[in-house]
Amino acid sequence: MMYSMMKPLTPMFSDPFFRDFFGEPQRRAHRPGMQMRIHETDAAYLLESDLPGVGRDNISLSVDGNVLTITALRRGPESAQPAEDEHQPPRREHRMERRFELDGIDTAAIAADYVDGVLKVTLPKEQPAEKPAPRQIAIGGSGQTALTE
């Protein structure tokens, strides 16, 4: 019964407007993000990202509190003109950004290197504070109260 009621509506739902509305993939240009590979060693986390076409001057790393922000800007050719069959001008620049929470990281020792289009960031793990050595606590007998209000 339900199928017979929906059959007259089927052509309407094949319209691209309804397909997008009901969750089918939309046909839009894909803008790649900053893909990261994360490796863990005993002493640090190692982040690697391929950033072809991004100049060293267009990469920024900053730490604010316990958040690391990595920003990269890929610039296209300034003189690029759209081809006859293109509806949009070529992309002139593309900004990418990733943020990471740095729990348990020694933020003062973060290091970064950029070689041959690959950004490598080293996030050293915080060393736990050394536990104080066991000791004896002397008990005084002077008659003074240890806690006063």
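Strands E2 and E7 run antiparallel and are joined by 7 bridges. That pairing sits inside an open sheet of 4 strands, ordered E1-E2-E7-E6. Keep in mind that this is a predicted model. Two things are worth a look here: how the sheet is put together, and how a handful of charged side chains link up around strand E1.

**The chain as a whole**

- You're looking at 3 helices and 7 strands, and reading from the N terminus the order is α-α-α-β-β-β-β-β-β-β.
- The chain has 149 residues, and 20% of them count as buried.
- Its accessible surface comes to about 12500 Å², with 53% of that belonging to carbon and sulfur atoms.
- If you take the contacts between residues at least 6 apart in sequence, 49% of them join residues at least 24 apart.

**The four-strand sheet**

- The pairing in the E1-E2-E7-E6 sheet is antiparallel.
- Strand E1 (37-40) and strand E6 (111-115) are the edge strands, each pairing on one side only.
- On average, neighbouring strands in this sheet are turned by 15° against each other, if you ignore direction.
- As a general point, side chains in a regular strand alternate between the two faces of the sheet.

**Who pairs with whom**

- Starting at the E1 edge, E1 and strand E2 (residues 44-50) pair in the antiparallel sense over 4 bridges.
- E1 and E2 make a hairpin, with 3 residues between them.
- For a landmark in that pair, find Ile38, which stands opposite Leu47 in E2.
- Moving on to E2 and E7, the bridge partner of Leu46 in E7 is Thr122.
- At the other edge, E6 pairs with strand E7 (residues 118-124) in the antiparallel sense, over 5 bridges.
- Thr122 in E7 turns up again here, standing opposite Ala111.

**Salt bridges between E1 and E2**

- A search of the whole structure turns up 5 salt bridges.
- One of them joins Glu48 and Arg37, with the closest N and O atoms 3.5 Å apart. Glu48 is in strand E2 and Arg37 in strand E1, 11 residues apart, so this pair links distant parts of the chain.
- Asp50 also forms a salt bridge with Arg37, and there the closest N and O atoms are 3.3 Å apart. Because Asp50 lies in strand E2 and Arg37 in strand E1, the pair ties together parts that are 13 residues apart in sequence.
- Put together, Arg37, Glu48 and Asp50 are linked in a network of salt bridges.
- As for how covered these residues are, Arg37 has 33% relative accessibility and counts as partly exposed. Asp50, at 43%, counts as partly exposed too.

**Lys125 and its surroundings**

- Lys125 is in the segment after E7.
- Is Lys125 buried or exposed? Its relative accessibility is 19%, so it counts as buried, the cut-off being under 20%.
- The side chains of Lys125 and Glu40 meet in a salt bridge, at 2.6 Å from N to O. With Lys125 in the segment after E7 and Glu40 in strand E1, the pair ties together parts that are 85 residues apart in sequence.
- The Glu40 end of that salt bridge counts as exposed, because its relative accessibility is 53% and the cut-off for exposed is over 50%.
- The Lys125 side chain also reaches the backbone oxygen of Thr41, at 2.9 Å.
- Which residues does Lys125 touch, not counting those up to four places away in sequence? The list is Glu40, Thr41, Asp42, Ala43, Ala44, Tyr45, Gly104, Ile105 and Asp106.

Note on methods:
Residues are numbered from 1 along each chain as its sequence is written. This is a predicted model: local features need pLDDT of at least 70, side-chain atom pairs count only at pLDDT 80 or more; totals for chains, interfaces and linings use all residues. Side-chain values use heavy atoms; hydrogens and water are left out. Two strands pair if DSSP finds at least two bridges between them. Axes are lines fitted to C-alpha atoms, for helices over the stretch in contact, and angles run from 0 to 180 degrees between N-to-C directions. Buried means under 20% relative accessible area, exposed over 50%, partly exposed in between (1.4 Å probe, protein chains only). A polar contact is a pair of N or O atoms within 3.5 Å; within protein, one must be able to donate a hydrogen and the other to accept it, and residues adjacent in sequence count only if both atoms are side-chain atoms. Contact means heavy atoms within 4.5 Å. A salt bridge is a side-chain nitrogen of Lys or Arg within 4 Å of a carboxyl oxygen of Asp or Glu. Accessible areas come from the Shrake-Rupley method with a 1.4 Å probe; for residues, only the protein chains shown count as cover.
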